[in-house]
Amino acid sequence: MIVKEHQAPPTSDKFQRAGDDAERQMAFYLRRAYGSDPDVHVFHNLRFEKGEDAAQIDHLILHRSGAVIVESKSVTSAVRINEREEWSRQWNGRWTGMPSPVLQARRQADFLRSLLEAHREELLGKFLFGFKQKSFRAFVIDVVVAISDQGVVQHDGKLSDVRKADQVPDRVRELIADHVQLAKVFSKDPRSDTWGVTVTPEELVRVSAFLRARDTPRTQQANPAVPAPEVLPAKAVSADAQPQSTAVSASERSAVTCRHCQGTGVEVAYGKYGYYVKCLECEGNTRIQLTCPACQGKANIRKAGAEFFAECAECQTSSLYHRNPPVSRA
């Protein structure tokens, strides 16, 4: 069943639209496969925070014996994966390197398992006459990368983690069957720490509700008790050498302010040292240094007319950072 529907806010950015289209396509296939299955819980567009860390998950398929994370990639041309699992993509007839979405999804899986394990006492019961707490340490979480139906995958050797979107549901069924079989093997040894790899139907519902409640969209915090990721300020530099530096989280793009006077009457400009915030009130300059709130990697600025977008190469996401005020004709 679908626990959280795919939701994509309207955007004028072509890269964001392409990513949304890829996720929407994958959501359609997962709905057809599991929309009426009460034993398989499907989530779309999940974002979790844990301390100063955060993870963005495109699609999560949860069942009693494990979970599958599906990372959607908008690839309408071709991707190439060599024997060292290094990725490159074709764009305008040229091949350029790209971060591995498989490794990205595996980091998301580690984050999710850690989050669940931190709350195991409230999510899981006990077994063996109530003397031992069940654990998520052996809860299997596999990953699959889905590329657009129109895309082509070129690879060397075995390729088990990458599928075209329409092939993903079949791969997920195979992984669920593997998880169930693995759980049966583990459950035969009551002394093993891997006991409890299968959750009960009641625990599945509890975990599902927990994940839905912990979902924290970038535009708001679902749980005020969970702090937003801290963004450390950049090293101070001489005002004579270049504009003063400040780290600006992409999640703050709706409220860009001047570092000097805290004013909101600002515009984004380009100078010798790159993009910076120019204050129209105190005329102070603030260097822009973006941090992606999902992966904590470096984000870059892309200009499109009066709009400036924060783009992360690791997550391949793009979002509006700031819109310059209209130029006065007076």
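# A tour of the rings, sheets and helices

A search of the whole structure finds four aromatic pairs, and one of them makes a good place to start. Keep in mind as you click along that this is a predicted model.

**Stop 1: an aromatic pair and its neighbour**

Select Y275 and F308 and show their side chains. The two rings form an edge-to-face pair, with 5.8 Å from centre to centre and 75 degrees between the planes. Now colour the strands they belong to: Y275 is in strand β15 (residues 274–279), while F308 is in strand β18 (residues 307–312). The pair links distant parts of the chain, as its two members are 33 residues apart.

Turn on the surface for a moment. Which of the classes, buried or exposed, does F308 fall into? F308 counts as buried because its relative accessibility is 1%. Y275 has 23% relative accessibility, so this residue counts as partly exposed; the cut-off for buried is under 20%.

Next, add Y270 to the selection. Ring pairs link Y270, Y275 and F308 into a cluster. The backbone also brings two of these residues together: Y270 stands opposite Y275 in β15. To see the setting, select strand β14 (residues 266–271) along with β15; the two pair in the antiparallel sense over six bridges. Follow the chain from β14 into β15 and you will pass through a hairpin with two residues joining them.

**Stop 2: the six-stranded sheet**

Switch to a cartoon view and find the open sheet of six strands, which has mixed pairing and the order β1-β2-β3-β4-β10-β12. Its edge strands are β1 (2–4) and β12 (162–164), each of which pairs on one side only. Look along the sheet to see the turn from strand to strand: neighbours are rotated by 35 degrees against each other on average, direction ignored.

For a closer look inside this sheet, select strand β3 (residues 53–63) and strand β4 (residues 66–73). They are antiparallel partners over five bridges. One contact point to label is L62, whose bridge partner in β4 is A67.

Now bring the helices back into view. Helix α2 (residues 101–118) lies across β2 (41–50), β3, β4, β10 (140–147) and β12, and runs at about 145 degrees to β10. Helix α5 (residues 201–214) packs on the sheet too, where it touches β1, β2 and β3; its direction makes about 55 degrees with that of β2.

**Stop 3: the four-stranded sheet**

Move on to another open sheet, this one with four strands in the order β7-β6-β5-β11 and mixed pairing. Here β7 and β11 (152–155) are the edge strands, each pairing on one side only. Neighbouring strands in this sheet are turned by 25 degrees against each other on average, direction ignored.

Select strand β6 (residues 87–91) and strand β7 (residues 94–98). They run antiparallel, with five bridges joining them, and W91 stands opposite R94 in β7. Zoom in on the hairpin of β6 and β7, which has two residues between the strands; there N92 takes a positive phi near 55 degrees.

On the other side of β6, add strand β5 (residues 78–81), which is joined to β6 by three bridges in an antiparallel arrangement. Label R80: its bridge partner in β6 is S88. The R80 side chain is worth showing as well, since R80 lies over the face of W95, at 3.8 Å from the ring centre.

**Stop 4: a loop residue and a second charge over a ring**

Step back from β5 into the loop between β4 and β5, where you will find T76. With a relative accessible area of 54%, T76 is exposed. What does T76 touch, not counting residues up to four places away in sequence? Its contacts are S148, Q150 and G151. Draw a distance between the C-alpha atoms of T76 and Q150: they are separated by 5.1 Å, although the residues are 74 apart along the chain.

Then select R173 and Y34. The charged end of R173 sits over the ring of Y34, 5.8 Å from its centre.

**Last stop: the whole protein**

Zoom out to show everything. The protein has five helices and 19 strands, and 45% of its 330 residues are buried. Among contacts with a separation of 6 or more, 58% come from residues 24 or more positions apart. With the surface on, the accessible area comes to about 17,300 Å², of which 50% belongs to carbon and sulfur atoms.

Key: Residues are numbered from 1 along each chain as its sequence is written. This is a predicted model: local features need pLDDT of at least 70, side-chain atom pairs count only at pLDDT 80 or more; totals for chains, interfaces and linings use all residues. Side-chain values use heavy atoms; hydrogens and water are left out. Two strands pair if DSSP finds at least two bridges between them. Axes are lines fitted to C-alpha atoms, for helices over the stretch in contact, and angles run from 0 to 180 degrees between N-to-C directions. Contact means heavy atoms within 4.5 Å. Rings of Phe, Tyr and Trp (its six-membered ring) pair if their centres lie within 6.5 Å; planes under 30 degrees apart count as stacked, over 60 as edge-to-face and the rest as tilted. Buried means under 20% relative accessible area, exposed over 50%, partly exposed in between (1.4 Å probe, protein chains only). A charge sits over a ring if NZ of Lys or CZ of Arg is within 6 Å of the ring centre and within 35 degrees of the ring normal. Accessible areas come from the Shrake-Rupley method with a 1.4 Å probe; for residues, only the protein chains shown count as cover.
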